[in-house]
Amino acid sequence: MKDLRLKAIYNQTQVFLDELMVPANDRAYLFGDAVYEVLRVYHTKPFLLAEHMARLARSLDAMEIKGVSDIRADILSSIALNEIEEGMVYVQISRGNAPRNHSFYNQALTPNILISAKPFLTHPTLKEAECGITVITHEDFRWGRCDIKTVNLLANCLAQSKAHSLGADDAIFIRDGHVTEGSSSNVFLVKDGTIKTPPLSRHILPGIRRQFLINAFCAEGNPVIEQPIHEEELFLADEVFITSTIKEAISVTMIDNKPVGSGERTIATLARKLIVDRAQL
Ligand code: PDD
């Protein structure tokens, strides 16, 4: 039988993920001082690798984490090591190990780089794509640099857990009366044929699927309007959908227990098709 123990690459050394021990003084553990990426693997290949690497470089730069070499070969190795046909790769880069001290000023730390790949034994979102998801709206109580992909996701975890406790699937964050993003996704809405998504700012992650869809819809002759979205617009929309690497594009059927539009899903379905079709190339 095939060995299903996952193999990871930690600081360029191959390890079994379930045996990996990380130092207690890793700043990722002490302060959440780390950045990450999640990539989707289709047919053994990481999709939109260049885009993910560019965002990772931007996150590292914003966090002033230095000394990270090119990790693309390790990403490909982690896919091959685990014989992944369909799955995902998780990349986490922490600032490094140091005695607990808030400031990292003038400390020459060596980043810890974890790359772990996981196969999908069943399709991760087929059911959600068919049925859609329900969401709650939730105060966006995160910090002021949500555009950096750090592992500091406690507020996101609290919001998603709150949604689950209320019987919903996910949460959409609202800041000062405006939609920012989902707990682990970007948000789009459709009203009278116009597709809208909140503009890039320090309050949202520049999602790779978000940008992919902005480009793809533009090429289809239906440009996405990047404009602030008032909370109320969610309840007046014909369609609402969320996007992410893993979810691709998923239609939202209910928000705070109220149905979205008349249940139309044309654009959400097209969004998903645009992603999946490109991934098959
Ligand atoms: N999250 N916004 C947030 C807060 C996210 O965590 C994510 C993705 C996105 C969508 O970004 P992308 O299209 O690049 O996946 C937006 C990943 C999947 C995660 O944390 O698992």
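Is Glu-248 buried or exposed? Hold on to that one for a moment, everybody, and let me show you around first. What we have on the screen is a predicted model.

Let's start with the whole chain. There are 281 residues, and 47% of them count as buried. The C-alpha trace spans about 55 × 45 × 35 Å along its principal axes. A compact globule with 281 residues would have a radius of gyration near 19 Å, and the chain agrees, with 19 Å. As for secondary structure, we have eight helices and 15 strands.

Back to the opening question. Glu-248 is buried, because its relative accessibility is 1% and the cut-off for buried is under 20%. What does the side chain of Glu-248 meet in a salt bridge? The partner is Arg-272, at 2.9 Å from N to O. Glu-248 belongs to strand β14, residues 248-255, while Arg-272 belongs to helix α8, residues 266-279, so this salt bridge ties together parts that are 24 residues apart in sequence. Arg-272 is buried as well, with a relative accessible area of 13%. And the pair has company: a network of salt bridges links Glu-248 and Arg-272 with Arg-40 and Glu-86.

How many salt bridges does the structure hold? The count is 18, and I'd like to show you two others. One of them joins the side chains of Arg-27 and Asp-33, at 2.6 Å from N to O. Both Arg-27 and Asp-33 are buried. The other is between Arg-210 and Glu-226, where the closest N and O atoms are 2.7 Å apart. Here, too, distant parts of the chain are linked: Arg-210 sits in helix α6, residues 208-219, and Glu-226 in strand β12, residues 224-226, with the two positions 16 residues apart in numbering. The burial of these partners is worth a look. Arg-210 is buried at 1% relative accessible area, whereas Glu-226 is partly exposed at 38%.

Since we have landed on α6, let's stay there. This helix has twelve residues, and from its first C-alpha to its last it reaches 17 Å, close to the 16 Å expected at 1.5 Å a residue. Which residues of α6 are buried? They are Ile-208, Arg-209, Arg-210, Phe-212, Leu-213, Ile-214, Ala-216 and Phe-217. As a reminder, an α-helix has 3.6 residues a turn, so residues three or four places apart point the same way. After α6 comes Gly-221, which has a positive phi, near 85°. And keep an eye on Phe-212, because that name returns shortly.

Next, the sheet. Six strands make an open sheet, with antiparallel pairing, in the order β2-β1-β6-β5-β3-β4. At the edges are β2, residues 13-16, and β4, residues 45-46, each of which pairs on one side only. Within the sheet, take β5, residues 87-94, and β6, residues 112-119: these run antiparallel and are joined by eight bridges. If you would like a landmark in the register, Val-89 has Ala-117 in β6 as its bridge partner.

On to the aromatics. How many aromatic pairs are there? The count comes to four. In one of these, the ring centres of Tyr-36 and Tyr-90 lie 5.8 Å apart with the planes at 35°, so the pair is tilted. Tyr-36 is in strand β3, residues 34-42, and Tyr-90 is in β5, so this contact links parts of the chain 54 residues apart. Tyr-36 is buried at 11%, while Tyr-90 counts as partly exposed at 22%.

Now compare the geometry of Phe-188 and Phe-241. This aromatic pair is stacked, at 5.1 Å centre to centre and 5° between the planes. Phe-188 comes from strand β10, residues 186-191, and Phe-241 from strand β13, residues 239-244, so parts 53 residues apart in sequence are tied together. Phe-188 is buried at 0% relative accessibility, and Phe-241 is buried with a relative accessible area of 0%.

Here is Phe-212 again, as promised: together with Tyr-42 and Phe-47 it forms one aromatic cluster.

Last stop, charges over rings. The charged end of Arg-5 sits over the ring of Phe-16, 3.9 Å from the ring centre. Likewise, Arg-95 places its charged end over the ring of Phe-104, 3.5 Å from the centre.

That's the tour, and thank you all for listening!

How values were computed: Residues numbered from 1 in each chain as written. Predicted model: local features only at pLDDT ≥ 70, side-chain atom pairs only at ≥ 80, totals over all residues. Heavy atoms only, no water. Salt bridge = Lys/Arg side-chain N within 4 Å of Asp/Glu carboxyl O. Buried < 20%, exposed > 50% of the residue type's maximum accessible area, 1.4 Å probe, protein only. Helix = DSSP H or I, 4+ residues; strand = E, 2+ residues; numbered from the N terminus. Pairing = 2+ DSSP bridges. Phe/Tyr/Trp six-rings, centres within 6.5 Å; stacked < 30°, edge-to-face > 60°. Lys NZ or Arg CZ within 6 Å of the ring centre and 35° of its normal. Expected span 1.5 Å × (residues − 1). Rg over C-alpha atoms; globule rule 2.2 N^0.38 Å.
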